[in-house]
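I opened the notebook with a short list of look-ups. Pockets come first, then ring pairs, then single residues.

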Amino acid sequence: MVAIMTGMHVDSPPTRRPVRQLLAASVGNAVEWYDWYAYTFLATYIADQVFPKGADNSLVPLLSTFAVFAVGFFMRPVGGLLMGAIADRRGRRAALTVTILLMGGSSLLVGLTPTYAAAGVLAPVVLVAARLLQGLSVGGEFAASTTFLVESAGPGRRGLFSSFQYVSTTIGQLVASGVATVLVDTLSEDRMNSWGWRVPFVLGAVLSLVGFWIRQGAEETRSAEQRRAPRPGLFEALRRHPRESLLICGITAGGTIAYYTWTSYLPTYAELNTGLDKSDALLAGTLSLAFFALLQPLGGMLSDRYGRRPLLLFFGVGFALLSVPLLHTLRDSFAVLLLVQCAGMVLLTGFTSISAAVNAEVFPPRVRAAGIGFPYSLTVALFGGTAPYVGTLFKDLGHSGLFPWYVAVLCLLSSLVYLRLPETAHKELER
């Protein structure tokens with residue numbers, strides 16, 4: 001009835017098995033992000049083994065490692081565009097199948113990367129190739145799984161379903177952090193450097209096969225009408241919806257810099273700037289991530305009731321005002337780092353819990369996956385993927401205090417976008 005009154009052609013969403021739909025998206029997504037984040041948590045070990053040491057600067061290998069981290073991000077827009085096009089042309093499930101197989105193969109390649117001592121320049125070349133494949137996979141994963149999750153939701157539940165994008169992302173990150181912490185605490189430094197850092201990546205390749213199997217049972221969410229319609233062109237979303245593409249960039253800029261700073265870079269930031277022990281930093285990151293995962297469904301449900309914009313403003317204004325004092329509070333203390341991380345997680349939930357819903361509500365179904373995938377992944381590459389490198393570079397240049405201001409300014413700019421964002425929480429989603 002709503003579809004007839006609004007003039008939309010809306011098929012019933014495939015919510016006959018909502019738990020299976022959530023599981024298919026979430027398990028695969030968790031595996032994808034486990035593989036992606038394992039690299040960040042083990043960056044210092046990879047730096048020692050894969051890159052030549054700088055003669056006069058001990059930060060050179062770490063900078064090189066984070067530069068490769070950023071390179072992987074710059075493949076994400078390509079993945080968002082290509083895999084998004086597959087999702088719009090062939091179906092969401094087909095794209096999700098391709099992305100998890102790509103991630104499994106690239107994770108195995110990282111685990112098998114030779115050391116610089118054994119292979120010379122070939123070692124960083126292999127690592128770069130693996131990260132490029134991971135970037136392609138992750139960019140496509142977000143485009144396809146975001147669309148899949150939101151289209152699987154019943155009326156008034158898009159925010160809740162959306163929150164599982166970051167629940168599963170955080171679980172993957174949490175497992176990666178936990179595995180890294182266990183390895184660091186149980187293996188000697190020599191064993192970690194020789195083979196211990198490889199274990200999480202080989203494990204990730206095995207877990208990818210599990211995610212692939214689960215996704216085979218998912219239901220397609222693209223409507224019958226969309227399946228019958230002519231296939232969209234590769235760049236159709238950009239050509240026909242430039243305003244929406246720019247809107248995705250504005251929505252994402254502050255969110256991605258805050259997200260990658262607080263959920264992955266902060267332990268390394270604390271090590272570099274306060275001298276905090278590595279194992280304590282990893283443990284604080286693990287505990288705060290568990291707290292963060294629990295917050296996501298709450299944020300999604302609040303947005304379904306009160307709207308998306310209040311939560312986005314809570315995040316954006318909060319980070320604009322508090323990023324600098326929170327990061328300047330850090331010192332050589334496990335408890336202080338944990339409190340700073342958890343405080344940031346509360347604010348960050350205003351963005352992460354509803355990011356998938358907000359993005360999906362911007363684009364029409366014909367180009368929804370590709371329309372989300374490219375501008376979102378490009379913005380993440382520019383601001384999120386470079387966060388560890390920028391933060392480490394500021395430290396290297398002797399201006400580490402500038403990084404918190406960098407985070408605050410980007411969040412302020414995104415807040416201006418949120419102020420003018422139309423409210424879409426209670427509108428029917430076109431399918």
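My entries on this structure follow.

**Entry 1: the model**

I noted at the start that this is a predicted model. I kept in mind that side-chain atom pairs count only at pLDDT 80 or more.

**Entry 2: the largest pocket**

I looked up the volume of the largest pocket. It holds about 380 Å³ of space. Next I asked how many residues line the largest pocket. The lining has 22 residues. Nearest the pocket centre I found Glu361, Val362, Phe363, Thr424 and Lys427.

I then went through the elements behind the lining of the largest pocket. Two or more residues come from helix 14 (242-274) and from helix 16 (308-329). Which helix gives the most to the lining? Helix 14 does, with four residues.

I sorted the lining of the largest pocket by class. I counted 10 nonpolar and 11 charged residues, plus one polar residue.

**Entry 3: aromatic pairs**

I moved on to the rings. A pair of aromatic rings is described by the distance of the centres and the angle of the planes. The structure holds 13 aromatic pairs. I wrote up two of these.

The pair of Tyr265 and Phe403 is edge-to-face. I read 5.8 Å centre to centre and 80 degrees between the planes. The class follows because planes over 60 degrees apart count as edge-to-face. Where do the partners lie? Tyr265 is in helix 14 and Phe403 is in helix 21 (residues 402-419), so the pair ties together parts 138 residues apart in sequence. Both Tyr265 and Phe403 are buried.

The pair of Phe315 and Tyr418 is tilted. Here I read 6.4 Å centre to centre, with 50 degrees between the planes. Phe315 belongs to helix 16 and Tyr418 to helix 21, so this pair links distant parts of the chain, 103 residues apart. I checked burial here too: Phe315 and Tyr418 are both buried.

I also followed the ring pairs into a cluster. Its members are Trp262, Phe315, Phe319, Phe351 and Tyr418. Phe315 and Tyr418 thus appear both as a tilted pair and in the cluster.

**Entry 4: a charge over a ring**

I looked up Arg131. Its charged end sits over the ring of Tyr39. The distance to the ring centre is 4.2 Å.

**Entry 5: Ser245 and Val358**

I turned to single residues. Ser245 is found in helix 14. Is Ser245 buried or exposed? Ser245 is buried, because its relative accessible area is 6% and the cut-off for buried is under 20%. Beyond its neighbours within four places in sequence, Ser245 is in contact with Ala237, Leu238, Phe363 and Pro375. I had already met Phe363 among the residues nearest the centre of the largest pocket.

Val358 lies in helix 18 (residues 355-360). At 5% relative accessibility, I logged Val358 as buried. Leaving out residues up to four places away in sequence, Val358 touches Ile251, Arg308, Leu312 and Leu421. I also took a distance to Gly285. The C-alpha atoms of Val358 and Gly285 are 27 Å apart, with their positions 73 residues apart along the chain.

**Entry 6: Ser377 and Glu151**

Ser377 is in helix 19 (residues 368-384). Its relative accessibility is 1%, so I logged Ser377 as buried. Which residues does Ser377 touch, not counting those up to four places away in sequence? I listed Phe73, Arg76, Pro77, Gly80 and Gly139. From Ser377 to Gly156 I read 27 Å between C-alpha atoms, for residues 221 apart along the chain.

Glu151 has its place in helix 8 (residues 122-152). Glu151 is buried, with a relative accessible area of 2%. I then took Glu151 together with Met192. They are 41 residues apart in sequence and 43 Å apart in space, C-alpha to C-alpha.

**Entry 7: Leu393**

My last look-up was Leu393, in helix 20 (residues 387-396). Its relative accessible area is 29%, so Leu393 counts as partly exposed. The range for that class lies between 20% and 50%. I paired Leu393 with Phe403, the ring from the edge-to-face pair. Leu393 and Phe403 are 10 residues apart in sequence, and their C-alpha atoms are 9.4 Å apart in space.

Conventions: Residues numbered from 1 in each chain as written. Predicted model: local features only at pLDDT ≥ 70, side-chain atom pairs only at ≥ 80, totals over all residues. Heavy atoms only, no water. 1 Å grid on protein atoms, 1.4 Å probe; cavity = no way out; pocket = protein on both sides within 12 Å on 5 of 7 lines; lining within 4 Å. Points joined across faces, edges and corners; volume = space filled by probe spheres on them. Nonpolar A, V, L, I, M, F, W, Y, C, P; charged D, E, K, R; others polar. Phe/Tyr/Trp six-rings, centres within 6.5 Å; stacked < 30°, edge-to-face > 60°. Buried < 20%, exposed > 50% of the residue type's maximum accessible area, 1.4 Å probe, protein only. Lys NZ or Arg CZ within 6 Å of the ring centre and 35° of its normal. Contact = heavy atoms within 4.5 Å.
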